[in-house]
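Subject: Structure handover

Hello,

Here is the structure I promised to pass on. Please open it alongside this email.

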Amino acid sequence: MKKTFIIPILAALVAVPSCNFLDKEPQVICSDTFYKTDTEALYGLAGVYGVIDSLQLYGLAYSLHLSGIDDLCYYNRATSNSFSDFYQHDASTADVYNAWVWLYKGIKNANEFIDAMKNSELEDSKTLSNEARFLRAYYHFLLAQAWGDVPLRASSVKSYDKTNLAATPQLDVLQWAADEMEACLPGLAEDIDHAPSRVCRTTAQGILARVYLFMAGESVKGGAKQSLFAKAKYFAGKVIQSGKH
């Protein structure tokens with residue numbers, strides 16, 4: 001598993017202790033029904049967001065055990081149950097396995113939420129759906145960043161014979177994620193009233209800069225590197241030019 005740093009803009013996405021949005025009990029309503037009220041829709045959206053601050057991801061394992069394993073981190077304990085702390089991990093290590101499972105759980109929740117919102121007449125339905133769409137792309141980015149070639153789950157599973165999915169090349173997953181994020185931009189809130197607990201337009205622009213910067217790196221094979229660096233510069237510039245941060 002490739003090692004990665006959690007940079008401030010990623011942390012900003014989930015810095016939620018001061019807000020009450022994720023205090024809602026996550027509840028994703030399946031696509032054979034729909035959301036009738038704003039409250040129901042927010043409960044469903046919390047099911048998409050809620051994955052990211054779980055103990056398996058940014059709550060502990062991904063952000064500390066799996067990402068904080070270079071010379072900048074020191075674990076002051078005699079023993080550890082997390083072998084990734086000591087570079088003694090493989091695909092069967094709990095932290096690695098759980099990060100994989102929970103990222104796909106977030107993708108599943110996003111797909112179900114997007115399906116359930118398609119025919120919604122709620123005033124904020126497009127904004128909420130775009131937030132879920134962005135998170136679905138972001139979860140795919142984290143998977144491709146860490147594992148390389150991974151299954152791309154762009155729609156919900158309707159039958160058991162569709163559960164197995166072949167891996168998609170890393171560059172294709174990253175490009176798909178970037179394209180999805182860019183497509184979401186017009187439908188995301190321009191203000192930052194709900195930041196940092198929910199995605200706004202500058203959140204997406206900042207993460208897009210991160211995605212393109214990673215794609216331009218040597219660990220990703222293929223792609224026009226100079227144009228990818230230019231894309232990273234463009235979206236980082238958009239955040240700066242907004243004057244909101």
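Below is what turned up, from the overall fold down to single residues.

Please keep in mind that this is a predicted model.

**Overall fold**

The protein chain has 245 residues, and 47% of them count as buried. Its secondary structure consists of eight helices and two strands. Along the sequence the order is α-α-α-α-α-β-β-α-α-α. So you will meet five helices, then the two strands, then three helices.

I also looked at contacts in the protein chain with a separation of 6 or more. Of these, 67% are between residues 24 or more positions apart. The chain exposes about 12,800 Å². Carbon and sulfur atoms supply 53% of that area.

**The core**

Which residues have the most contacts inside the largest nonpolar core? They are Phe 113, Phe 134, Tyr 138, Tyr 139, Phe 141, Met 181 and Tyr 212. This core has 58 residues. At least two residues each come from α2, α3 (61-66), α4, α5, α6 (170-184), α7 (201-215) and α8 (225-242). Helix α5 gives the largest share, with eleven residues. As background, nonpolar side chains tend to be buried together in soluble globular proteins.

**Two residues of α5**

Start with Leu 135, which sits in helix α5. Is it buried or exposed? Leu 135 has a relative accessible area of 1%, so it is buried, the cut-off being under 20%. Leaving aside residues up to four places away in sequence, Leu 135 touches Val 48, Tyr 49 and Val 199. Leu 135 and Ile 52 are 83 residues apart in sequence. In space, their C-alpha atoms are 9.3 Å apart.

Next, Arg 136, also in helix α5. Arg 136 has 8% relative accessibility and therefore counts as buried. What does Arg 136 touch, not counting residues up to four places away in sequence? The list is Ile 107, Ala 110, Asn 111, Ile 114, Arg 153, Ala 154, Trp 176 and Glu 180. One of these, Asn 111, is 25 residues from Arg 136 in sequence. The C-alpha to C-alpha distance of this pair is 7.5 Å.

**Pockets**

The largest pocket has a volume of about 280 Å³. It is lined by 13 residues, and the closest to its centre are Tyr 104, Lys 108, Arg 153, Val 157 and Thr 163. Arg 153 is also among the residues that Arg 136 touches. Helix α4 (residues 94-117) gives the most to this lining, with five residues. By class, the lining of the largest pocket has six nonpolar, four polar and three charged residues.

The second largest pocket has a volume of about 230 Å³. Its lining consists of Asp 38, Leu 42, Asp 124, Thr 127, Leu 128, Glu 131, Ala 189, Asp 191, His 194, Arg 198, Val 199 and Cys 200. Two elements, α2 (38-49) and α5 (125-147), give two or more residues to this lining. Helix α5 gives the most, with three residues. The lining of the second largest pocket divides into five nonpolar, two polar and five charged residues. Val 199 of this lining is also touched by Leu 135.

**Two loop sites**

Pro 196 is in the loop between α6 and α7. The peptide bond from Ala 195 to Pro 196 is cis. Its omega is near 5°.

Gly 68 is in the loop between α3 and α4. Gly 68 counts as buried because its relative accessibility is 6%, and the cut-off is under 20%. Gly 68 and Ser 84 are 16 residues apart in sequence. Their C-alpha atoms are 9.4 Å apart in space.

**Where to look**

Helix α5 is a good place to begin your own tour. It gives the largest share of the core and the most residues to the lining of the second largest pocket. Both Leu 135 and Arg 136 lie in it. After that, turn to helix α4 for the lining of the largest pocket, and to Pro 196 for the cis bond.

Best wishes

How values were computed: Residues are numbered from 1 along each chain as its sequence is written. This is a predicted model: local features need pLDDT of at least 70, side-chain atom pairs count only at pLDDT 80 or more; totals for chains, interfaces and linings use all residues. Side-chain values use heavy atoms; hydrogens and water are left out. Helices (H or I, at least four residues) and strands (E, at least two) are DSSP runs, numbered from the N terminus. Buried means under 20% relative accessible area, exposed over 50%, partly exposed in between (1.4 Å probe, protein chains only). Contact means heavy atoms within 4.5 Å. Accessible areas come from the Shrake-Rupley method with a 1.4 Å probe; for residues, only the protein chains shown count as cover. On a 1 Å grid over the protein atoms alone, a cavity is a set of points where a 1.4 Å probe fits but cannot get out, and a pocket is an open set with protein on both sides within 12 Å along at least five of seven lines; lining residues have an atom within 4 Å of a point. Grid points are joined across faces, edges and corners, and a volume is the space filled by probe spheres set on the points. Ala, Val, Leu, Ile, Met, Phe, Trp, Tyr, Cys and Pro count as nonpolar, Asp, Glu, Lys and Arg as charged, and the others, Gly among them, as polar. A nonpolar core is a set of buried Ala, Val, Leu, Ile, Met, Phe, Trp, Tyr and Cys residues joined through side-chain atoms within 4.5 Å.
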